[in-house]
Amino acid sequence: MTIESTSLFSTLTRRSFLKTASSVAAAGALGDSLDLLAQAAPKFTAILVPAGAHPAVRSAAEMLAKKLGLSAEAIHESVGTDELIKGMISLVLKDAKAVNATLASSITRDGYAVLAENGGLIVCGARPRSLLFAAGETHHWLERAQGFWARNPEFAMRFASHHADHSVAEQVAILGANSFISQLHASVSLKDEMPEVYAKLSPAVQQRLSAAESDDMMRNRALVKEFHDADVEVFADLPYGNNFSRWSEDLYNAFLAVYPSAKGVPEEHSWERAALCPSDPATWKLFEAYVRECARQSQADGVACTFWDQFGIFCHDERCQKNGLDQFKNELQVAITHYYAAVQPMGKKLHLRTWSSGCPHWLGADYVHAPGYSNFSQSHYELWSRVINETPKEILIQTKVYHSDCEPDPRFSTLLGHCKPHPEIVEYQMVGQTIGRHYFPAATVAYTAWTMKKAHELIGADGGAEITPGGTNQSNYDMYADLLNSVDIFAWRELTWNLNANVAQIYSDWAAQMYSPQAAPHMAKAMLLSEEAANLCWSPLGHGSSTNSDFANDIERRETLLRYTNRYYLPEYAKFLEPTKENIARIVAEKQKCLAGIDAMFAELEAAKPHLSEAQVAEIATRFDWFREFAICNTALDVSLWRFRYLRAQAAMLTTDPAEVKPLAEAFDAVTQHAPKLFHYDPAQKFTCYDVPLGQLRTKPNLGSPLRLMHEIYTKSLAFMEASTGPDYLPKEFIRAEVEINIPTESERQRM
Ligand SMILES: [Zn+2]
């Protein structure tokens with residue numbers, strides 16, 4: 001394929017986040033500086049690649065050309081000299097002949113090094129992908145005029161989840177990642193693996209699965225080639241959890257028709273299911289066959305599996321109660337042993353994603369066990385101990401850095417560093433889930449900085465770091481293109497390559513890429529402020545919120561969510577839950593600090609405004625406003641919840657505190673006034689992070705309504721007070737109970 005046609009393909013089918021000086025200036029997205037850059041005489045006029053270079057090297061050259069505003073004709077094949085030529089960037093591999101020895105020896109793992117001399121640059125990579133890594137961070141080396149600079153990664157493995165809208169090479173460049181997890185769909189019919197099960201499928205299903213298989217395999221082949229062309233590995237994502245009835249309902253029913261004894265017996269009142277019994281040998285025959293088929297059809301280098309809250313083999317029949325397979329840790333050990341047995345003979349790797357979040361609690365009539373969460377359930381290590389100690393050590397074990405993923409700024413994982421001899425990977429699920437789902441500005445740079453360092457100490461340089469960039473429950477969203485929260489991706493990349501990268505410098509380097517030089521310092525400051533503001537908004541006194549940042553519907557759910565963090569039993573956090581005046585004062589102060597932080601973000605935006613484009617101002621102002629309106633409602637709710645808890649405790653002691661009626665009425669008024677202002681936007685407005693105008697988003701921006709919860713908190717608090725004061729004592733001007741609340745239903749909200 002020629003360079004020209006490759007470029008055309010990228011433009012037509014994918015969004016590109018690599019800015020060129022000319023395109024950015026033409027679009028008016030950035031200010032004066034890039035106009036000047038585009039007009040100035042180009043410093044570099046040619047890029048050299050080795051003859052017959054690996055596709056990853058060619059992609060790196062194309063990216064550099066694009067960034068420099070050069071055409072594809074500026075890329076030439078070199079004739080094997082390492083001479084530095086003025087105006088040229090020469091891309092070489094370290095094992096090539098005639099490579100400068102100092103340069104080559106400074107490179108470790110899959111890093112690279114740059115030598116600047118005589119107005120030219122040599123970029124030397126450990127292997128082809130290393131040059132993509134270099135192309136993704138030119139801000140570190142392109143301006144160098146003299147001397148040499150080596151750039152080596154801190155972790156041997158850098159995993160990322162694949163984003164289908166961008167080319168693999170671009171993601172490798174931006175993230176500095178060398179391994180990916182991708183959705184490589186398989187249409188499993190078990191025709192060859194378990195013909196007796198296949199025979200029980202209806203002819204229509206048989207036909208559908210066979211027809212889809214060849215399409216899937218063709219698509220997978222092309223995508224896997226794209227990964228290998230970028231010189232990186234790819235793992236196929238297996239279906240989530242191990243509830244086989246969710247993996248394939250058709251196969252599940254067909255299988256049970258042949259092997260009825262494999263059906264599991266669920267525990268009464270358990271949130272977990274028992275689609276299959278782990279004590280029945282046919283269960284594992286089925287799992288192995290299915291996993292093997294997924295691995296074969298994906299054509300990937302390995303498969304990745306996830307176990308959490310869909311344990312479909314939580315069986316409590318007599319067999320399982322007798323042999324212990326009614327226990328999570330034993331089920332996990334058996335499951336992973338069988339997954340490994342399926343993929344190992346195929347020469348494919350197994351990537352295992354552990355998880356812990358939430359807390360044990362009742363959800364309606366079901367009990368959510370939340371294993372691995374410590375306190376009132378097993379510890380994280382105990383849950384995984386048999387897997388760690390008894391499965392083959394080459395299985396990669398990935399663990400979230402968050403011990404609870406239900407709050408911003410959560411505790412550090414209790415499992416990381418305890419999975420040896422397995423290689424360990426620290427996971428960063430950067431999907432904005434607990435910080436406003438990326439609707440709002442919310443950086444996590446400081447958190448990533450300290451946790452990355454700690455994770456590295458625990459798991460070592462041979463371990464890995466992972467990133468899942470995206471937006472939970474968002475449609476049309478692209479975090480790479482987000483003019484605010486892309487800072488979190490940028491920070492992850494910086495820190496995985498330099499643990500000591502300075503937080504302020506990260507913000508500043510990121511902003512310099514996104515904004516004009518006059519606007520950049522203000523936008524860097526605004527985003528830095530957003531981290532604390534988001535923490536204070538969603539993590540009241542260090543406790544939990546909804547995993548999806550939205551408003552809880554009632555007090556019972558809100559209090560469950562307070563526990564949805566594992567801090568509530570720690571002495572330093574438990575004391576914040578005591579129903580006291582001091583704690584009300586504490587949370588009032590904390591929430592004032594949150595709102596003041598948002599005001600300070602607006603002040604930075606004001607200062608940046610004259611140096612931003614009109615579209616940038618419109619988007620940032622809208623999203624800052626969304627954050628402020630949400631925070632006003634959310635802070636009023638949290639403060640009122642603490643008042644409610646205090647009044648409830650007072651009522652238990654047969655007394656009350658009528659002074660609380662005034663602030664509760666004020667909170668009620670604030671929420672009533674601000675709820676209609678949530679998520680205001682012009683349907684024609686277009687954000688950087690969406691591929692369509694706001695009016696055309698498949699999922700409308702929305703985090704639910706604060707009205708129902710506010711009403712319940714207010715009326716129940718009032719009832720506690722009235723129980724002691726009678727109906728006449730409380731001042732009439734603070735009585736809001738008779739207010740009629742109309743809460744839109746989900747379908748009405750969709751129409752709004
Ligand atoms: Zn069983």
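This report describes the sheets, salt bridges, zinc site and cysteines of a predicted model.

## The open sheet

One of the sheets is open and built from six strands, which follow one another in the order 2-1-3-5-4-6 with mixed pairing. Strand 2 (75–77) and strand 6 stand at its edges with a single partner strand each, so one side of each of these two strands has no neighbour in the sheet. From one strand to the next, the twist averages 20°.

Within this order, strand 3 (residues 88–93) pairs with strand 1 (residues 46–49) in the parallel sense over three bridges, and I47 has I89 of strand 3 as its bridge partner. Strand 3 also pairs with strand 5 (residues 120–125), again in the parallel sense but over five bridges, and here the bridge partner of S90 is I122 in strand 5. Because six of the six residues of strand 3 are buried, the strand is largely enclosed by the rest of the structure. Both of its faces are covered, with M88, S90 and V92 buried on one side and I89, L91 and L93 buried on the other. Strand 4 (residues 112–117) and strand 6, by contrast, run antiparallel and are joined by five bridges, with Y112 placed against R151 of strand 6 as its bridge partner.

## The closed barrel

A second sheet closes into a barrel of eight strands, running 7-8-9-10-11-14-15-16 with parallel pairing. Neighbouring strands of the barrel are turned against each other by 25° on average, when direction is ignored. Strand 11 and strand 14 run parallel and are joined by three bridges, and at this pairing R353 stands opposite Q398 in strand 14.

## Salt bridges between distant parts of the chain

Side chains of opposite charge can pair when their charged atoms come close. Across the whole structure, 41 salt bridges are found. One of them joins E494 to R151, with the closest N and O atoms 3.9 Å apart; since E494 lies in helix 17 (residues 486–497) and R151 in strand 6 (residues 147–151), the pair ties together parts that are 343 residues apart in sequence. Both E494 and R151 are buried, and the two residues also belong to a network of salt bridges that links E137, R151, R493 and E494. R151 thus appears both in this network and as the bridge partner of Y112 in the open sheet.

A further salt bridge involves the barrel residue R353, whose side chain meets that of E427 at 2.7 Å, N to O. This pair links strand 15 (residues 424–428), which holds E427, to strand 11 (residues 349–353), which holds R353, across 74 residues. E427 counts as buried because its relative accessibility is 0%, and R353 is buried with a relative accessible area of 17%.

E407 and R567 form another salt bridge, in which the closest N and O atoms are 3.5 Å apart. E407 sits in the loop between strand 14 (396–400) and strand 15, while R567 sits in the loop between helix 20 (555–563) and helix 21 (571–574), and the two residues are 160 residues apart. Both E407 and R567 are buried.

## The zinc site

The zinc ion has C277 (SG), C315 (SG), D317 (OD) and C320 (SG) as its protein donors, at 2.1 to 2.3 Å. The angles among these four donor atoms run from 96 to 121°, and the site is tetrahedral. Along the chain, the donors follow the spacing C-x37-C-x1-D-x2-C. C277 lies in the loop between helix 11 (249–258) and helix 12 (281–298), and D317 in the loop between strand 10 (302–306) and helix 13 (318–323), so the pair ties together parts that are 40 residues apart in sequence. Both C277 and D317 are buried.

## Cysteines without disulfides

How many disulfides does a search of the whole structure find? The search finds zero. For C537, the closest cysteine sulfur is that of C594, and the separation of 4.7 Å is too far for a bond, given that a disulfide requires the two sulfur atoms to be within 2.5 Å. C633 is likewise in no disulfide, and its nearest cysteine sulfur, that of C537, is 9.9 Å away. C537 is buried, with a relative accessible area of 0%, and C633 is also buried, with a relative accessible area of 0%.

Definitions and conventions:
Residues are numbered from 1 along each chain as its sequence is written. This is a predicted model: local features need pLDDT of at least 70, side-chain atom pairs count only at pLDDT 80 or more; totals for chains, interfaces and linings use all residues. Side-chain values use heavy atoms; hydrogens and water are left out. A salt bridge is a side-chain nitrogen of Lys or Arg within 4 Å of a carboxyl oxygen of Asp or Glu. Helices (H or I, at least four residues) and strands (E, at least two) are DSSP runs, numbered from the N terminus. Buried means under 20% relative accessible area, exposed over 50%, partly exposed in between (1.4 Å probe, protein chains only). Donors are N, O and S atoms within 2.8 Å of the metal (3.2 Å for Na, K and Ca); water is not among the atoms, so sites may look incomplete. Four donors count as tetrahedral if all angles lie between 85 and 135 degrees; four count as square planar and six as octahedral if opposite donors are over 155 degrees apart and all others between 65 and 115; anything else is irregular. Two strands pair if DSSP finds at least two bridges between them. Axes are lines fitted to C-alpha atoms, for helices over the stretch in contact, and angles run from 0 to 180 degrees between N-to-C directions.
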